[in-house]
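Biologist: I would like a close look at one part of this protein, explained slowly enough for someone in a first year of study. Please take the charged side chains as the topic.

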Amino acid sequence: MDEAIARVLDGRRVESVGGGARLELGLAGAVTVRVAHEFRYAAPSFAAPEEVEHFFPALTFRPSPGLLALVGRTVGSARITLAGGLELGFAEGGALSVPPHAVLAPWSVLTAAGEVCGLPGGDVSWP
């Protein structure tokens, strides 16, 4: 599963970051990563320890300056955790982590071929 999500996301440039009821990362090649529940973003820090921000899109949010700074960065690594969460590392530093959820589908990746989705309970659906 890790190899498949890596093939879909690795090397793609972040073109947009949106907020509201969910986080949307628009990636090059008409790929979108959607996060509909709690997630963490660890911003790169060169002078001090990483700053970790926690977000709860279900409460409606605006992307922070750290998230907005993802525009222009490249996904350097992508993996689905054993529990069904999604982790993205950015080549220029920083990491986004979406834990699985028992009741909700916390994340999805939309491509021209279909949608990869983290399902409730940690299962993953592939097109």
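Which kind of link do the side chains of glutamate 24 and arginine 34 meet in?

Modeller: Before the answer, a word on the source: this is a predicted model, in which local features need pLDDT of at least 70 and side-chain atom pairs count only at pLDDT 80 or more, while totals for chains, interfaces and linings use all residues. Residues are numbered from 1 along each chain as its sequence is written, and side-chain values use heavy atoms, with hydrogens and water left out.

The side chains of glutamate 24 and arginine 34 meet in a salt bridge, at 3.1 Å from N to O; the term stands for a side-chain nitrogen of Lys or Arg within 4 Å of a carboxyl oxygen of Asp or Glu. This pair links distant parts of the chain, since glutamate 24 lies in strand β2 (residues 23-27) and arginine 34 in strand β3 (residues 31-35), ten residues apart. Helices (H or I, at least four residues) and strands (E, at least two) are here DSSP runs, numbered from the N terminus.

Glutamate 24 has another partner, for arginine 22 also forms a salt bridge with glutamate 24, and there the closest N and O atoms are 2.8 Å apart. Arg22, Glu24 and Arg34 are thus linked in a network of salt bridges.

As for how open these side chains are, arginine 22 is partly exposed, with a relative accessible area of 33%, where buried means under 20% relative accessible area, exposed over 50%, and partly exposed in between (1.4 Å probe, protein chains only). Glutamate 24 counts as partly exposed at 25% relative accessibility, and arginine 34 is partly exposed with a relative accessible area of 25%.

The structure holds three salt bridges, and one of them lies outside this network, formed by glutamate 87 with arginine 79, whose closest N and O atoms are 2.9 Å apart. Glutamate 87 is partly exposed at 29% relative accessibility, and arginine 79 is partly exposed at 34%.

To set this part in its surroundings, the protein has two helices and eleven strands, which follow the pattern α-β-β-β-β-β-α-β-β-β-β-β-β along the sequence. Of the 127 residues in the protein, 41% are buried. Among contacts (heavy atoms within 4.5 Å) between residues at least 6 apart in sequence, 45% join residues at least 24 apart.
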